[in-house]
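Hi everyone, thanks for making time this morning. I'd like to walk you through one model, so please have it open as I talk.

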Amino acid sequence: MQELIMTTTFDPTPSAPDGRFPSAAFCVFSNRFLAIIVAMIAVRIRHGAVLANNVAPLVAFAPCALSNTMSSWSQYASLRYVSFPVQTVFKSSKIIPVMIMGKVLKGTSYPYSQYLEALLITIGVAIFSIASKSSNSDTTTEIIGLLFMCMYITFDSFTSQWQSKVYDKYGKANVDPYQMMLGVNSSAILMTTFGLLVGGDIPKIIEFFKVNPNVLQYNIITAITSASGQLFIYTTIKEFGPIVFTVIMTTRQMISICISSILFGHTMTWKAAVGACLVFGVLFYQIRKKYIASQRK
C-alpha cells in the first residue's frame, strides 16, 4: 500500500500536476493518529485507565518520537526514487547502525562475529541495490533514494535504542509496550501536525482527495494495518519471544519483495537475487544461532 500511494500516478491537481500524492508527512500523520487510538484502547484494557501507571513522562518519549517520525517520512519519501524491493532489502542492513547507536547511547559492546554478519548483510544490500538499477539515467534518482534510505536507517536505529534506554531508566515493570506505543505516537502526532501546518500540505491534500477519493481509502487502509501491526508486534514479542518475531519479520520481507515484483513488474536479475539470498541467508543464520542458544539454556 505504501508503494501504491507514493508511486502511482493519479489524476493531477493544480498543486500536484504530476499526479503523485503530494505529502509523505500525511501518510505518517494518519498512521500515528490511528496508532494512538489503538494504543489507548490497549492501555485501557490492560491498566483500567489510559493514564494509569504512567511513570515515564511524555517528554521521555519525545526523542524517539521525533526519530520515529523522521524514519517513517524518509521511508515514504524514498519510494519515489527507490523501488520497494530495494527498500525492503536495504532495511535489512540496519544491524550496523543499530550496533553503532547502541555503542554511542548505551556503551554496548558486541562480539566480532556480529560485526562480520553485519558486514555480510551490508554487502548483500549493496549488490542488490546496484544490480536493481535500471539504467545510467537513474543515477541522480538512485542517489536521492539512497540518501532517504540512509536517513531512515539512522533515525530508526536511534528509535529502538532510545526506547531501550527509556525501559532501563524507568523500569520495564513501569513501562509496558502499550504505554510505549501510546507515548511515542502521542509525541509523534504533535510533530507531524506541526509539520503539516508549517509545510502547507493540508490544502494540497484536501484538493488531492477531492479529485482522487480512492487515495484517502488507501491511506486509511495503510493506517489500519500500521496501527494493528504495531499492536501485534508488541504482543508477538511478549507472548512468543523475539525469535518467533524475527522469523515472522524476515519471512514478511521476502514475501513483500515477491508481491511487489509481481504487482509492480519489478525485475530481479540473478545478481540481485544473489544479494538478496546473502542478506536473508545471514538473517536466518542469526535466527538459527539464537534458537540453538535458547535451547541450551
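I'll begin with the overall picture and then go through a few places in the chain.

One thing to keep in mind is that this is a predicted model. The protein has twelve helices and zero strands. If you read along the sequence, the pattern is α-α-α-α-α-α-α-α-α-α-α-α. Of the 297 residues in the protein, 42% are buried. The accessible surface comes to about 15,400 Å², and carbon and sulfur atoms account for 69% of that.

How much of the contact between residues at least 6 apart in sequence joins residues at least 24 apart? That share is 83%. Several of the pairs I'll show you link distant parts of the chain, so let's go and look at them.

Let's start with the salt bridges. How many are there? The count comes to two.

In one of them, the side chains of Asp176 and Arg46 meet at 2.9 Å, N to O. Asp176 sits in the loop between α7 and α8, which covers 177-199, while Arg46 belongs to helix α2, so this pair links distant parts of the chain, 130 residues apart. Now, is Asp176 buried or exposed? Asp176 is buried, because its relative accessible area is 7%, and the cut-off for buried is under 20%. Its partner Arg46 is partly exposed, with a relative accessible area of 44%.

The other salt bridge joins the side chains of Glu117 and Lys289, at 2.6 Å, N to O. Here, too, the pair links distant parts of the chain: Glu117 is in helix α6 and Lys289 is in helix α12, residues 270-296, with their positions 172 residues apart. Glu117 counts as buried, given a relative accessibility of 8%. Lys289, on the other hand, is partly exposed at a relative accessible area of 33%. In this bridge, then, the acidic residue is buried and the lysine is partly exposed.

While we're on helix α6, have a look at Leu120, which is found in that helix, residues 112-131. Leu120 is one of the residues that make a nonpolar surface patch of about 390 Å², together with Leu116, Leu119, Ile123 and Ile127. Why does Leu120 count as partly exposed? Because its relative accessibility is 31%, and partly exposed covers the range between 20% and 50%.

Just before that helix comes Ser109, in the loop between α5, residues 95-106, and α6. Ser109 is exposed, with a relative accessible area of 56%. From Ser109 to Met99 is ten residues in sequence and 8.3 Å in space, C-alpha to C-alpha.

Next, let's move to helix α7, residues 139-170, where we find Thr159. Thr159 counts as buried, at 4% relative accessibility. Which residue does the side chain of Thr159 make a polar contact with? That would be Ser67, side chain to side chain, at 2.6 Å. Leaving aside neighbours within four places in sequence, Thr159 is in contact with Cys64, Ser67 and Asn68.

Gln161 lies in helix α7 as well, and Gln161 is buried, at 8% relative accessibility. Not counting residues up to four places away in sequence, Gln161 touches Val98, Met101, Gly102, Leu105, Lys106 and Tyr110. For Gly102, the C-alpha atoms are separated by 6.0 Å, although Gln161 and Gly102 are 59 residues apart along the chain.

Last stop: the aromatics. A search of the whole structure finds eleven aromatic pairs. One of them is Phe10 with Tyr218, a tilted pair at 6.4 Å centre to centre, with 40° between the planes. Where do these two residues sit? Phe10 is in the loop between α1 (2-7) and α2 (24-47), and Tyr218 is in helix α10, residues 213-240, so the pair links distant parts of the chain, 208 residues apart. Phe10 is buried, with a relative accessible area of 9%, whereas Tyr218 counts as partly exposed at 22%. Both belong to one aromatic cluster, whose other members are Phe21, Phe26, Phe29, Phe33, Phe208 and Phe209.

That's the tour, and I'm happy to go back to any of these places with you.

Key. Residues numbered from 1 in each chain as written. Predicted model: local features only at pLDDT ≥ 70, side-chain atom pairs only at ≥ 80, totals over all residues. Heavy atoms only, no water. Patch = residues over 30% accessible without salt bridge, like charges linked within 9 Å, V, L, I, M, F, W, Y side chains within 5 Å. Areas by Shrake-Rupley, 256 points an atom, 1.4 Å probe, with all protein chains shown as cover. Salt bridge = Lys/Arg side-chain N within 4 Å of Asp/Glu carboxyl O. Helix = DSSP H or I, 4+ residues; strand = E, 2+ residues; numbered from the N terminus. Buried < 20%, exposed > 50% of the residue type's maximum accessible area, 1.4 Å probe, protein only. Phe/Tyr/Trp six-rings, centres within 6.5 Å; stacked < 30°, edge-to-face > 60°. Polar contact = N/O pair within 3.5 Å; in protein donor to acceptor, adjacent residues only side chain to side chain. Contact = heavy atoms within 4.5 Å.
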